[in-house]
Number of protein chains: 2
Amino acid sequence: MRAVRFDGQLKLERDIPRPEPADGDALIRVTLAGICNTDLEITRGYFDFKGTLGHEFVGRVLRCPSKPELVGQRVVGEINAWCGECPTCRRGDETHCPNRTTLGIFKRDGAMAEYVTLPAKLLYALPDSLPDEVAVFAEPLAAAVEITERLHVKPTDRVIVIGDGKLGLLIAQVLQLTGCDLTVIGRHDEKLGILWQLGIKVALPDDHPSEQADIVVEATGNPDGFDLARKLVKPRGKMVLKSTYAGELTLNMSMVVVDELALIGSRCGPFAPALRLLEQGLINVDSMVTATYPLSDALQAFEKARERGALKVLLTTDED
Amino acid sequence: MRAVRFDGQLKLERDIPRPEPADGDALIRVTLAGICNTDLEITRGYFDFKGTLGHEFVGRVLRCPSKPELVGQRVVGEINAWCGECPTCRRGDETHCPNRTTLGIFKRDGAMAEYVTLPAKLLYALPDSLPDEVAVFAEPLAAAVEITERLHVKPTDRVIVIGDGKLGLLIAQVLQLTGCDLTVIGRHDEKLGILWQLGIKVALPDDHPSEQADIVVEATGNPDGFDLARKLVKPRGKMVLKSTYAGELTLNMSMVVVDELALIGSRCGPFAPALRLLEQGLINVDSMVTATYPLSDALQAFEKARERGALKVLLTTDED
């Protein structure tokens with residue numbers, strides 16, 4: 001089968017063996033996969049991953065001995081394959097399982113291929129009403145929903161999101177649903193325009209409101225957002241950190257103590273509420289698709305995804 | 001009057017004018033004052049403060065036109081003199097008031113003197129059953145109580161406190177009351193001995209338990225404790241930061257995101273519950289007093305407080 005792989009270099013390979021489902025796994029025919037910033041970081045060598053890329057996908061289950069009712073269903077899947085046996089899993093923190101593999105990111109081939117295998121327990125069958133092009137946003141939307149899963153965002157809170165990338169746009173839409181007083185700070189006219197059309201207040205980094213916020217979400221994807229976030233959060237406020245990047249950050253931790261700030265790291269989130277929000281039409285993802293390429297043009301698709309101003313670039317296997 | 005002052009150098013001055021209470025203030029005859037690590041940091045020039053030191057005290061109210069019922073009462077006092085008018089005060093975050101002065105720390109002469117003035121609204125009358133030598137711990141104990149004020153520490157939580165200084169000992173005792181599985185990591189045999197006698201598990205930094213904790217409190221007072229705290233906290237766990245020090249800290253913020261940690265800064269806390277715990281005999285402070293000096297020997301008292309292994313050193317004006 002064909003697969004988009006990274007081995008120090010990004011390649012479309014054409015004769016990768018079709019994966020064999022292990023015990024408890026499903027074999028899935030991938031129909032659509034999304035390119036995420038993490039994929040771009042992997043291709044820059046920032047993660048120590050070699051193999052098939054891709055952790056955002058929609059597909060149809062072909063084989064699933066452990067859960068035969070899934071066969072024939074359209075599905076999306078969680079990306080952290082946890083063991084279920086260790087103390088971390090048993091206390092409900094499965095996404096932090098120390099034995100986990102992560103789809104297309106860590107020790108597990110991903111979904112930018114014609115076929116992928118994943119434990120059946122990670123799959124969510126999709127209702128017919130949810131098109132592939134919407135459902136493919138389940139994984140990044142779940143990461144946005146993780147914020148309201150971990151934090152009580154109050155309708156009376158003043159909230160600032162820094163970063164108008166794909167994740168920033170999804171986070172902003174999730175937070176908008178709380179009724180909070182929301183502003184997104186970004187650098188890209190077109191992306192801010194999408195938010196503006198959704199009725200969300202926007203600002204440029206050099207022209208943001210001076211009033212501090214109860215909650216500031218740092219979702220720029222790079223270390224530069226931290227200082228602005230720090231400046232914009234109230235004493236006793238919360239900074240939600242969503243950016244992962246190579247390198248370290250130097251900060252005045254005493255000011256975190258004096259101002260009694262809470263810095264809260266947030267990563268992958270729950271799929272079920274993300275799918276509910278998508279199905280109910282409460283999150284607009286149509287405006288977020290920059291382009292769709294056939295899998296055979298994956299290298300061009302990655303080029304497109306790297307362009308300034310690009311949002312979601314999708315790969316489809318439908319050309320076959 | 002006599003006062004312990006810092007003007008680049010620590011001095012006992014003998015002819016400082018007795019302070020005059022402003023509107024709303026009480027004039028207090030100080031009977032006992034404690035030396036805190038912050039005082040030692042000020043004398044090292046780490047804060048930009050010049051004036052009379054001291055923010056832990058017990059005294060008797062001599063004059064208080066705005067609240068005459070306080071006259072003659074023994075009192076302790078909060079240290080952040082807030083305005084009560086600004087948005088920060090109005091939302092209940094008075095200790096973060098941007099217009100605040102702080103007793104003996106920021107723009108307000110402190111209590112290592114024969115007399116001190118403080119807004120009457122900051123004073124707490126002491127019950128007769130609470131001796132001066134116990135009540136003088138109200139301020140640091142309030143800072144320890146701030147942890148359980150801001151965080152839900154569950155009886156089933158595994159908690160590690162790093163640091164066996166004065167604040168670490170108070171924090172450990174407050175956390176012990178939750179019923180949690182508590183270990184304190186410290187470097188001083190004598191201080192760990194106090195905890196051990198209180199039935200609290202102790203460990204040395206090089207010989208600590210390997211099991212990670214739900215909550216780790218960093219109370220070493222210096223940047224070195226952070227890395228150990230980071231190592232000892234579970235994914236999705238909470239790190240409570242209590243240390244203020246000069247200088248910055250460099251850390252891998254992406255790991256905070258990936259492990260979904262919460263870093264929570266914590267400073268001054270509520271006096272009323274601290275006084276209740278002291279009055280109910282639930283916190284042992286007797287073992288924490290290293291020495292008591294008359295105010296006229298304040299410079300020796302500071303020397304003593306700087307000694308390795310020293311805990312609380314008190315200054316009394318009772319010699320007069």
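In which order do the three strands of the open sheet in chain B lie?

**Figure 1. Open sheet of chain B in the predicted model.** The three strands of this open sheet follow the order 7-8-9, and their pairing is mixed. Strand 7 (80-81) and strand 9 (107-108) of chain B form the edges, each pairing on one side only. Two bridges join strand 7 of chain B to strand 8 (residues 101-103) of chain B, and this pairing is antiparallel. Within the view, Ala81(B) is placed opposite Thr101(B) of strand 8 of chain B.

**Figure 2. Crossing of helix 4 and helix 9 in chain A.** Helix 4 (residues 138-150) and helix 9 (residues 271-279) of chain A have axes that come within 8 Å and cross at roughly 110°. Angles of 65 to 115 degrees count as roughly perpendicular, and the two helices of chain A are therefore roughly perpendicular to each other. Helix 4 of chain A contributes Ala138(A), Glu139(A), Leu141(A), Ala142(A) and Val145(A) to the contact, while helix 9 of chain A contributes Phe271(A), Pro273(A), Ala274(A), Leu275(A), Leu277(A) and Leu278(A). Sorted by class, the residues of this contact are 10 nonpolar, no polar and one charged.

**Figure 3. Crossing of helix 4 and helix 9 in chain B.** In chain B, the axes of helix 4 (residues 138-150) and helix 9 (residues 271-279) come within 8 Å, with a crossing angle of roughly 110°. Helix 4 of chain B is therefore roughly perpendicular to helix 9 of chain B. On the side of helix 4 of chain B, the contact residues are Ala138(B), Glu139(B), Leu141(B), Ala142(B) and Val145(B); they meet residues of helix 9 of chain B including Phe271(B), Pro273(B) and Leu278(B). The contact comprises 10 nonpolar, no polar and one charged residues.

**Figure 4. Surroundings of Leu170(A) in helix 5 of chain A.** Leu170(A) belongs to helix 5 (residues 166-176) of chain A. Its relative accessible area is 0%; buried means under 20%, so Leu170(A) is buried. Beyond its neighbours within four places in sequence, Leu170(A) contacts Phe137(A), Pro140(A), Leu141(A), Ala144(A), Ile283(A), Val285(A) and Met288(A). Phe137(A) lies 33 residues from Leu170(A) along the chain, and their C-alpha atoms are 9.2 Å apart.

**Figure 5. Surroundings of Phe49(A) in a loop of chain A.** Phe49(A) occupies the loop that links helix 1 (37-43) with strand 4 (51-52) of chain A. With a relative accessibility of 4%, Phe49(A) counts as buried. Apart from neighbours within four places in sequence, the residues in contact with Phe49(A) are Phe6(A), Ile42(A), Gly104(A), Ile105(A), Phe106(A), Lys107(A) and Arg108(A). A distance of 7.3 Å separates the C-alpha atoms of Phe49(A) and Lys107(A), which are 58 residues apart along the chain.

**Figure 6. Surroundings of Thr31(B) in strand 3 of chain B.** Thr31(B) is part of strand 3 (residues 25-35) of chain B. This residue has 18% relative accessibility and counts as buried. Leaving aside neighbours within four places in sequence, Thr31(B) touches Val58(B), Gly59(B), Asp132(B), Leu315(B), Thr316(B), Thr317(B) and Asp318(B).

**Figure 7. Relation of chain B to chain A.** A turn of 180° and a shift of 0.0 Å along the axis lay chain B on chain A with an RMSD of 0.0 Å. This is the relation of a two-fold axis. Thr250(B) has the C-alpha nearest the axis in chain B, at 2.0 Å from it. Of the interface residues of chain B, 100% are also interface residues in chain A, so the copies meet through the same surface.

Definitions and conventions: Residues numbered from 1 in each chain as written. Chains lettered and ligands numbered in written order. Predicted model: local features only at pLDDT ≥ 70, side-chain atom pairs only at ≥ 80, totals over all residues. Heavy atoms only, no water. Pairing = 2+ DSSP bridges. Helix = DSSP H or I, 4+ residues; strand = E, 2+ residues; numbered from the N terminus. Axes fitted to C-alpha atoms, helices over the stretch in contact; angles between N-to-C directions. Parallel < 35°, antiparallel > 145°, perpendicular 65-115°, else oblique. Contact = heavy atoms within 4.5 Å. Nonpolar A, V, L, I, M, F, W, Y, C, P; charged D, E, K, R; others polar. Least-squares fit on C-alpha atoms with pLDDT ≥ 70 in both. Buried < 20%, exposed > 50% of the residue type's maximum accessible area, 1.4 Å probe, protein only.
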